[in-house]
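Please open the model in your viewer and keep the selection panel at hand. The stops below take helix pairs and strand pairings in turn.

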Amino acid sequence: MRITVDGVQLAARPGDTLASALLRAGRRVLSQGIYTGRPRGLVSAGVEESNVFVQVLSGSGEPMVRATEIEAYDGLRVRTLAGKGLLPDEPDEARYDKTFAHTDVLVVGGGPAGLMAALAAGESGARVLLIDDQPRLGGRLLASRAIVDGLAVHDWVSSMRDRLQALPEVTVTSRTAVVGYYDHNYLVAVERRTDHLGSAAPATMARHRLWNIRAGQVVLATGAHERSIAFADNDRPGIMLAHSATAYAWRYGCRPGRRAVVFGAHDGALAAAVELADAGVEVAAVLDVRDVVGADFAAALARRGISVQTGATVSGTLADDDGVLRAVLTSAGETVAADLLAVSGGWNPAVELFSQSGGRTFWSEAAAGFVPDTAAQPTHCAGVLTGAVSLARVLSEGAGAGAEAARAAGLDVTEPATPSVEGELREEAAPAAYFCVDSAAEETVFVDLQRDATLHDIRRAVGAGLTSVEHIKRYTTIGTAADQGRGSGVLAVGVLAQLSGRSMAEIGTTTYRPPYTPISFALLAGRDRGRLADPERVTAIHDWHVEHGAVFEDVGQWKRPWFFPRPAESMDEAVRRECAAARTGVAMMDASTLGTIELQGADVGLLLDRLYTNVFSSLKIGSVRYGVMCGPDGMVIDDGTTARLAEDRWLMSTTTGNAAKILEWLEEWLQTEWPDLDVRCTSVTDQWSTVVLVGPRSRDTLEELAPELDCSVEGFPFMTVRQAAVAGIPARIMRVSFSGELAYEITVASWYALAVWEAVFAAGEITPYGTETMHVLRAEKGYPIVGQDTDGTVTPQDLGMGWIVSKKKPDFVGKRSFARADTSRSDRRQLVGVVPVDGRSRVAEGAQLVSHGAVLTQPPVAMHGHVTSSYHSVALGTPFALALLDAGASRHGEVLDAVDDGHATAVQVVSPVPYDPDGVRRDG
């Protein structure tokens with residue numbers, strides 16, 4: 001395969017990562033320090049890589065990705081980065097999607113422990129989801145030469161995969177990384193679906209998929225990250241983690257160097273020396289900080305003519321003209337020529353997900369690492385994550401964890417036999433908790449390569465009096481880069497322990513936060529972008545509105561008819577015509593978007609008494625009541641009508657934009673404060689459609705459509721509800737009015753909405769109207785719109801609706817706030833009406849109200865209020881507006897200026913209810 005790096009073509013082999021292809025091509029210098037500018041090369045083979053990041057230019061692109069995580073494919077094009085990513089010039093047009101999964105047992109990690117856990121749980125009949133972030137299962141076995149159950153590890157992994165796929169309830173997903181572990185065993189994972197396919201990826205296939213997983217039990221077999229040791233000039237290209245070096249040799253078939261020095265603090269470093277020697281790398285020296293090392297490993301090295309220098313360290317390194325490693329300086333004073341320095345200070349169990357779940361870790365001297373301690377959720381840990389080292393123990397722990405998880409999920413389990421292991425040397429000597437070789441050149445002893453943070457930085461933080469590792473993290477920026485401290489976090493804790501004389505357990509770790517690996521914003525957005533960023537909701541009558549020329553406006557997520565213009569008719573002309581029809585004849589509106597919540601239970605009345613300012617429990621069956629809802633601060637959050645349909649069945653309406661908010665409000669109080677109440681809330685907005693019939697002639701129209709219904713004032717009083725057939729279709733009819741005119745709200749199942757709408761429209765000369773006309777009609781009556789005439793600082797009293805605040809109820813949400821000095825001030829902003837003095841100028845919504853003439857004579861000008869709604873009123877014969885004005889109730893008749901964009905219009909303060917203040921028109 002051909003790949004292009006920085007404009008240069010290179011060869012790659014199937015199975016390569018970009019990193020292994022670069023290493024095989026001899027590319028040593030691949031990056032530079034973000035602040036120091038020092039040359040850098042590959043340091044690892046996995047997610048702990050902290051040096052080499054690239055911008056992917058081919059396909060859909062990616063601004064910043066580790067070279068170790070990119071699968072090479074023919075045509076791959078990348079540009080290396082110097083520590084910082086670059087955003088692409090064009091938007092990402094690739095497809096991203098999401099999926100939801102529920103499983104009895106989730107196994108995270110497809111290494112030896114994870115494979116055994118999935119098998120044990122799967123054979124019990126449990127639903128099992130095994131997730132692994134690599135293209136192939138096997139984990140660290142992919143670079144191993146051990147024999148498992150008589151099979152080479154690759155063959156054993158293949159047999160395990162076949163066994164798992166043969167189990168009907170087991171799902172295996174590769175190239176998928178779990179990035180977050182949240183409450184209630186909710187985990188989020190990212191599946192890379194097409195990145196490895198390049199131009200061969202199907203256009204219809206999503207590039208990445210976001211998994212939302214709910215698991216009954218979780219088995220974490222996440223393995224461990226190799227830890228480095230800090231020493232002078234430890235950042236040169238050619239210095240690499242020891243087991244990453246063996247992975248390049250045995251998994252990818254490329255030598256990480258020709259002549260190596262191995263430096264470590266545990267038997268695993270000696271094992272790496274054996275693997276490198278057998279891969280054809282000349283091992284010039286093996287340095288171990290311990291005085292006692294594993295006998296098996298020392299003997300294996302001796303058979304290869306290699307001796308172990310115990311109690312030895314690396315004191316520094318030398319570089320060639322390109323900055324690449326050419327020699328290693330030892331504590332014995334030797335200078336050893338080498339182009340590879342393989343370092344291993346031990347293993348850091350990958351506890352990130354365990355910690356995200358709320359689990360607590362502890363420092364294990366036996367493992368020389370932080371390992372899981374107390375789980376906060378149904379979580380089971382296995383393998384290297386727990387500090388296990390030998391393959392036999394890892395396999396055994398995996399089987400045990402899987403069986404334990406299946407039992408906890410309620411399954412009968414027979415634990416599978418632990419496979420036999422041959423050809424693995426035993427780690428016998430205890431690891432050393434060794435982190436840093438002290439040096440006078442402390443500014444080149446790098447602790448965090450990606451942040452260019454050094455021993456000097458930590459020493460300076462300690463000198464400044466910082467003791468908490470969290471404070472030192474922020475002072476030095478160690479652990480804040482894209483690797484999130486995987487390579488530097490525990491190393492920094494160890495260095496701090498050495499400097500301060502405190503124990504690792506006492507210092508602890510920094511907080512592990514999701515995501516474990518980066519998530520792109522494009523994936524989080526998924527398909528919710530462009531027109532799908534916010535759902536467009538339409539009513540069952542929408543197509544009719546389109547056919548009849550409606551102009552729409554967005555109200556919340558709904559597309560609502562704004563007005564219905566006739567040919568060559570302007571908006572103002574259309575609205576005046578619609579208003580005239582509603583005031584003098586009959587008009588109709590689609591009100592299906594109003595939030596509708598059905599409440600059932602014996603305690604609905606009690607709940608409404610607690611949430612509304614007025615009393616609802618006394619409402620009779622068949623009656624309707626208007627209510628105002630306030631927050632704990634006493635400010636209006638919504639209003640609407642509620643009908644009582646039966647003893648234990650009520651129907652609440654909310655404003656269109658607040659439907660979801662109010663349902664959530666009800667549920668919050670029911671679930672957190674009053675769980676003892678017998679109330680169930682269900683959103684039924686989409687189940688019902690409502691046609692509003694408005695105007696003095698609306699009774700005649702309804703009598704024609706519903707001949708069996710008594711529509712007289714006595715037979716169908718205001719604020720009542722009836723059941724009747726309208727145009728032959730069962731309907732619920734409420735006599736309520738948001739216009740001040742005689743009006744009926746006809747509600748039918750949405751299946752029949754269009755039929756009823758067309759029947760009403762055909763019943764006579766009936767004018768359909770939109771939301772603009774609705775606003776004019778309600779403003780003329782002084783009916784406020786929550787969110788337009790209120791702004792979160794308005795009480796019912798400010799709206800002139802003190803009458804709706806019960807003085808009999810012992811309590812309701814917001815009542816105590818009405819007693820506060822601020823909410824009872826007489827000079828609060830109150831709802832008023834304003835009309836232009838010249839009788840023709842329409843003021844702008846949002847215009848500021850100031851003293852008359854003050855703009856010209858008294859700058860700067862004090863503002864007394866602002867206009868909230870403004871319309872031309874056909875009924876009044878003049879433009880008219882609603883406004884919130886300081887002490888407005890006492891200022892009727894006063895002349896002010898409404899100022900917008902530097903232009904002042906003289907207006908007079910009037911009653912907010914200029915039309916039919918006595919309400920005589922509501923009965924026709």
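Select helices α9 and α10: α9 passes α10 in a right-handed crossing, the term for a near helix turned clockwise from the far one by less than a right angle, as left-handed is for anticlockwise. The model is predicted, with local features requiring pLDDT of at least 70 and side-chain atom pairs counting only at pLDDT 80 or more, whereas totals for chains, interfaces and linings use all residues. Residues are numbered from 1 along each chain as its sequence is written, and side-chain values use heavy atoms, with hydrogens and water left out.

For the selection, α9 covers residues 455-463 and α10 residues 469-476; their axes come within 10 Å and cross at roughly 125 degrees. The two helices are therefore oblique to each other. Axes here are lines fitted to C-alpha atoms, for helices over the stretch in contact, with angles from 0 to 180 degrees between N-to-C directions. Angles under 35 degrees count as roughly parallel, over 145 as roughly antiparallel, 65 to 115 as roughly perpendicular and the rest as oblique. Helices (H or I, at least four residues) and strands (E, at least two) are DSSP runs, numbered from the N terminus.

Next, display the side chains at this contact (heavy atoms within 4.5 Å). On α9, choose D457, I458, R460, A461 and V462; they meet I472, Y475 and T476 of α10. By class, the contact of α9 with α10 comprises five nonpolar, one polar and two charged residues. Ala, Val, Leu, Ile, Met, Phe, Trp, Tyr, Cys and Pro count as nonpolar, Asp, Glu, Lys and Arg as charged, and the others, Gly among them, as polar.

Move to α5 (residues 267-278) and α6 (residues 295-303), whose axes come within 9 Å and cross at roughly 25 degrees. These helices are therefore roughly parallel to each other, and their crossing is left-handed. The contact involves D267, L270, A271, A273 and V274 from α5, with F297, A300 and L301 from α6. Seven of its residues are nonpolar, none is polar and one is charged.

Now select the open sheet of three strands, ordered β11-β10-β29 with antiparallel pairing. Strands pair if DSSP finds at least two bridges between them. The edges are β11 (151-152) and β29 (421-422), each paired on one side only. Between β10 (residues 147-148) and β29 there are two bridges, and V148 stands opposite V421.

Finally, select β46 (residues 848-851), which pairs antiparallel with β47 (residues 865-873) over two bridges; L849 stands opposite G865. β46 also pairs antiparallel with β49 (residues 895-900), over four bridges, and there Q848 stands opposite V899.
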